[in-house]
Amino acid sequence: MNEIKIFVTHSPNANSIRPQIPFFDHITAGSVFQQGPLPKGMLRDDTGTHISEKNKSCCELTTQYWAWKNVTADHYGFCHYRRYFSFSPELLPEAGCGSIVLPYLDKKARKMLCLEEKDIRAHVEQYDFLIAKAVPTEALYAKNVYEHYRQAPGLHVEDLDLFCQILYEKYPHMQKAAKAYLNGARFYPCNMFIMNRELFHWYASMLFDLLDAYEQQAAVFADKYEWQRFARDKHTKGSCDTTDGPDTKRYSREGLRTPGHLGERFLGIFYEYIRQLGTWKVKELQMALIEHTQRPAARRPDHQEIPIVSAANASFVPALFVCLRSLADCTDPRRRYHIYIFHTDIRIEDQLIFQTELENEQIRVDFIDVGMRIAGYRLKAKGKITAETYYRFLILDVLKDCPKAVWLDCDLIIRRDVAQLYDLDLDGYWLAAAVDPDFAGQCNGANPDTARYCQQTLQLKDPFQYVQAGVLVFHICEMQKKVRAKQLFAMAQQGNYRYSDQDLLNIVCEGKIRRLPMAWNMMTDRKNMRYTVIRSAPADLLEDYEQARKQPYIIHYAGSPKPWEAPDMDFAREFWETARNTPYYETLLAGITRQAGKLPFAEKAVGAAVKAVKKMLPQHSRIRWAAGKLYWKLK
């Protein structure tokens with residue numbers, strides 16, 4: 001069988017994904033600039049004969065050079081950590097950029113792209129030259145490939161003119177193909193191809209011969225001409241003559257990558273030449289752009305650190321910071337804390353703010369993009385609960401080597417050191433959590449529908465032990481023996497649960513939950529509505545809640561509104577006292593200004609409809625129960 005080598009280029013000092021795909025090898029382009037050891041299994045382009053030190057100008061071409069000089073194979077291929085070939089026999093839907101756009105390279109995506117050994121081999125061995133599908137220059141707002149280069153920010157068309165001049169002198173038989181390609185309206189992007197050995201060695205020998213000559217002549221021009229020459233508008237210039245060339249001394253960072261850009265154009269020229277010859281079997285492959293390619297960069301907790309986990313989406317970042325600021329204000333100076341934030345869309349800029357503001361000798365903060373882990377699951381939460389609530393299940397996977405971990409919702413204010421939670425003896429338990437007094441009150445007469453739901457759907461033995469999941473201590477090493485994250489996610493998709501993951505944890509962990517005082521998860525009231533319900537709870541739970549309100553250890557703004565939506569709500573002062581000392585204070589204030597008096601029409605309509613139905617239908621009737629069941633299913 002033919003030996004196939006397809007190299008996936010990665011940037012130095014990056015932490016990008018490295019999926020294991022048959023025939024694909026991951027390599028760092030510019031390994032000479034790598035700080036610290038490379039990830040396990042990653043190849044280097046600075047061994048043997050190499051030009052790794054030219055990566056800042058030649059980009060991914062340094063891996064092509066290394067493969068040409070150091071690797072023996074029957075077929076050579078190259079792609080990027082963000083872009084992969086599609087070997088699907090079907091034409092897959094493309095975005096406006098001319099690529100198949102996928103959020104993650106998960107199992108579903110691999111199946112769609114046919115990244116299996118038999119599919120890849122069938123394509124590669126059938127053709128001599130496979131190239132990433134061309135993009136019409138019209139989509140790039142240019143009439144042809146030459147004009148696209150001329151208009152590219154940071155690039156100078158004089159470089160392309162000089163490169164072509166060298167090409168015509170050294171390889172005159174390529175002139176027809178070069179002019180046809182540059183004047184044509186189909187651009188082959190990204191230096192992505194798979195060639196047989198003969199074609200690849202032919203291509204590489206010409207490419208690097210041309211780039212060597214270009215670099216020598218460009219250096220001469222840079223010494224000869226002054227910067228003032230570039231004051232002329234490059235868009236008014238035509239092709240340069242034999243006595244005028246580029247001055248590269250003042251090039252921008254993108255301009256310094258000119259050899260890489262020229263190599264990209266030469267690939268199109270070479271493909272056009274081979275196609276014109278008509279003696280080789282060629283084909284264009286679709287290209288898939290992967291949106292999320294960063295691997296979780298979390299540092300592993302050591303045995304002295306307390307793992308603390310929370311989750312949020314981009315819109316909850318200000319609230320999450322306030323929560324963690326309050327946590328940091330209550331830490332024990334003798335202890336160390338490691339905060340993990342599970343997310344899929346929090347900006348790098350915000351991540352840096354968290355790490356800059358919160359990290360010190362005691363506290364470390366890591367953001368973990370869990371997109372790959374949840375891809376394929378339909379995580380639909382009820383009402384205003386967001387899908388991030390399910391991320392707590394991932395503690396069992398991400399922190400599987402830790403004995404315990406503390407989970408905190410992001411709508412909390414911490415008033416006591418959470419190390420006291422972590423230190424709890426959980427022998428014989430899977431979780432530690434506080435009973436939900438609101439749920440208990442509903443089950444004890446305030447809402448018979450909830451009691452029926454608890455009995456028929458949740459099937460709990462004791463509804464008054466149902467816990468609220470905003471503050472949890474996971475006994476990971478014990479819980480893993482009986483349940484895994486993927487099992488919990490599967491259950492979430494199969495059932496119709498009113499309180500999402502909270503219901504699931506109560507079902508799975510029933511009888512294995514250590515009960516916390518409610519002071520560790522004191523839920524605020526909502527215009528006296530919650531307390532009205534809680535008064536129906538068993539007396540001991542009501543007393544626990546009333547004592548918690550007097551001196552809460554953790555204040556939980558469960559449900560809605562939140563203090564950043566209604567600054568006069570229950571316990572809002574405690575939130576704003578902390579918020580004033582955070583970088584997001586102005587953001588939170590601006591949010592209140594925008595929301596003032598603006599309750600969405602749909603929300604008003606639903607609220608009015610619910611009130612009307614409650615008035616019309618008898619409280620304990622079957623029809624009211626059926627209507628309530630339908631409401632929660634649709635919510």
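## The nonpolar cores

Start with the largest nonpolar core of this predicted model, which takes in 65 residues. Which members touch the most others? That would be I308, I341, F354, L408, L421 and F575. As for where the residues come from, helix α11, running over residues 317–328, gives the most to this core, with nine residues. A second core, of 59 residues, lies apart from it, and I131, F163, Y171 and A177 are among its members. As a rule, nonpolar side chains in soluble globular proteins tend to be buried together.

L408 is a good place to zoom in. Setting aside neighbours within four places in sequence, L408 is in contact with I308, V309, S310, L327, I414, V418, G470, V471 and I554. One of those partners, I308, is also among the core members that touch the most others. Another, L327, falls within the stretch of helix α11.

## A three-stranded sheet

Now for a sheet. Three strands line up in the order β17-β22-β21, making an open sheet with mixed pairing. Why do β17 and β21 each have a side without a neighbour in the sheet? Both β17 (412–414) and β21 (522–523) stand at the edges with a single partner strand each, so one side is left free of a neighbour there.

Take a look at β22, which covers residues 554–556 and pairs with β21 in the parallel sense over two bridges. On that seam, M522 has I555 in β22 as its bridge partner. In general, strands of a sheet pair through backbone hydrogen bonds, either parallel or antiparallel.

## Cysteines

How many disulfides does the structure hold? Zero. Take C323: the nearest cysteine sulfur belongs to C410 and is 7.1 Å away, whereas a disulfide needs the two sulfur atoms within 2.5 Å.

Is C323 buried or exposed? With 1% relative accessibility, C323 counts as buried, because the cut-off for that is under 20%. C509 is buried as well, at a relative accessible area of 0%.

## The chain as a whole

Stepping back, the chain has 26 helices and 22 strands. It runs to 635 residues, and 54% of them count as buried. The accessible surface of the chain comes to about 29,600 Å², with 50% of that belonging to carbon and sulfur atoms.

What about links between distant parts of the sequence? Counting contacts between residues at least 6 apart in sequence, 76% join residues at least 24 apart.

How values were computed
Residues are numbered from 1 along each chain as its sequence is written. This is a predicted model: local features need pLDDT of at least 70, side-chain atom pairs count only at pLDDT 80 or more; totals for chains, interfaces and linings use all residues. Side-chain values use heavy atoms; hydrogens and water are left out. A nonpolar core is a set of buried Ala, Val, Leu, Ile, Met, Phe, Trp, Tyr and Cys residues joined through side-chain atoms within 4.5 Å. Buried means under 20% relative accessible area, exposed over 50%, partly exposed in between (1.4 Å probe, protein chains only). Helices (H or I, at least four residues) and strands (E, at least two) are DSSP runs, numbered from the N terminus. Contact means heavy atoms within 4.5 Å. Two strands pair if DSSP finds at least two bridges between them. Accessible areas come from the Shrake-Rupley method with a 1.4 Å probe; for residues, only the protein chains shown count as cover.
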